[in-house]
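Me: Could you take a close look at the ligand and its surroundings for me? I'm new to this, so please spell out the terms.

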Amino acid sequence: MLEGKNVNLRVMEKEDLPLFAEWFNKPEVFGEYNPLRQISKTEAEKMFESPLELKPFLIEKKDGSKIGFIGHFYVLHPAGRQLEIGYSLVPSERGKGYCTEAANIMVDYLFLSRDAIRIQAQTDPRNVASQKVLEKVGFKKEGILRKSFFMRGEWRDAYLYSILREEWKEPKILTKTT
Ligand SMILES: CC(C)(COP(=O)(O)OP(=O)(O)OC[C@H]1O[C@@H](n2cnc3c(N)ncnc32)[C@H](O)[C@@H]1OP(=O)(O)O)[C@@H](O)C(=O)NCCC(=O)NCCS
């Protein structure tokens, strides 16, 4: 368990996968700026077991309620030491600073536990909330990936954001003894 002030990140277990698949399959949770994708529980399990797929953590409030997920995966190959993160919150819990806190925890965790050079994130240019989260955590906008996602019947550009290890400097929420 990675503990913050208002939220904790808990590594997802197999028994959480039905909830994860339910969120993934609901456009109102996964969001209007993510690909419309439907996955079965079996596919969610396969994803969970693959070392190259998204590793999701549950975002939980202090009362234990599950409000979303934040995940990470290696860009291309672990040897490249570059990671990417992605996140979603249930609509009723947005705009309360929870994702910013969760992303800060995840960045601390990844730089403390992996020999990663950079962590990146991609977002639809119209997704202002996600861009604000990234900027508050210290990510910088690198540029536009042209026609990067096929979403809702069209190819869309994405902003590419990143934070380098030297920009992170030290943990904001976790400690080196966490
Ligand atoms: C993106 C998302 C995770 C942000 O989570 P969150 O917990 O609401 O984020 P926070 O509360 O930590 O911060 C959001 C910031 O964006 C702002 N914001 C929220 N919705 C906004 C909107 N529609 N337009 C502009 N700004 C918005 C908030 O005011 C806040 O900024 P502030 O601190 O300057 O006030 C959430 O909106 C979500 O789950 N969206 C659907 C899935 C998604 O898009 N995931 C990201 C894909 S890249």
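Reply: Sure, let's start with R94: a polar side-chain atom of R94 lies 3.2 Å from an oxygen atom of the ligand. That's a polar contact, meaning a pair of N or O atoms within 3.5 Å. T100 has one too, with a polar side-chain atom 2.5 Å from a ligand oxygen, and for N127 a side-chain N or O atom is 2.8 Å from an oxygen atom of the ligand. The protein covers 70% of the 940 Å² of accessible area that the ligand has on its own (areas come from the Shrake-Rupley method with a 1.4 Å probe).

Keep in mind that this is a predicted model, where local features need pLDDT of at least 70, side-chain atom pairs count only at pLDDT 80 or more, and totals for chains, interfaces and linings use all residues. Residues are numbered from 1 along each chain as its sequence is written, and side-chain values use heavy atoms, with hydrogens and water left out.

Now the shell: 23 residues surround the ligand, each with a heavy atom within 4 Å of it. The closest are L89, G95, G97, T100 and K136. α5 (128-137) is among the elements that supply at least two shell residues, and the largest share, six residues, comes from α5. Helices here are DSSP runs (H or I, at least four residues), numbered from the N terminus.

Technical notes
A polar contact is a pair of N or O atoms within 3.5 Å; within protein, one must be able to donate a hydrogen and the other to accept it, and residues adjacent in sequence count only if both atoms are side-chain atoms.
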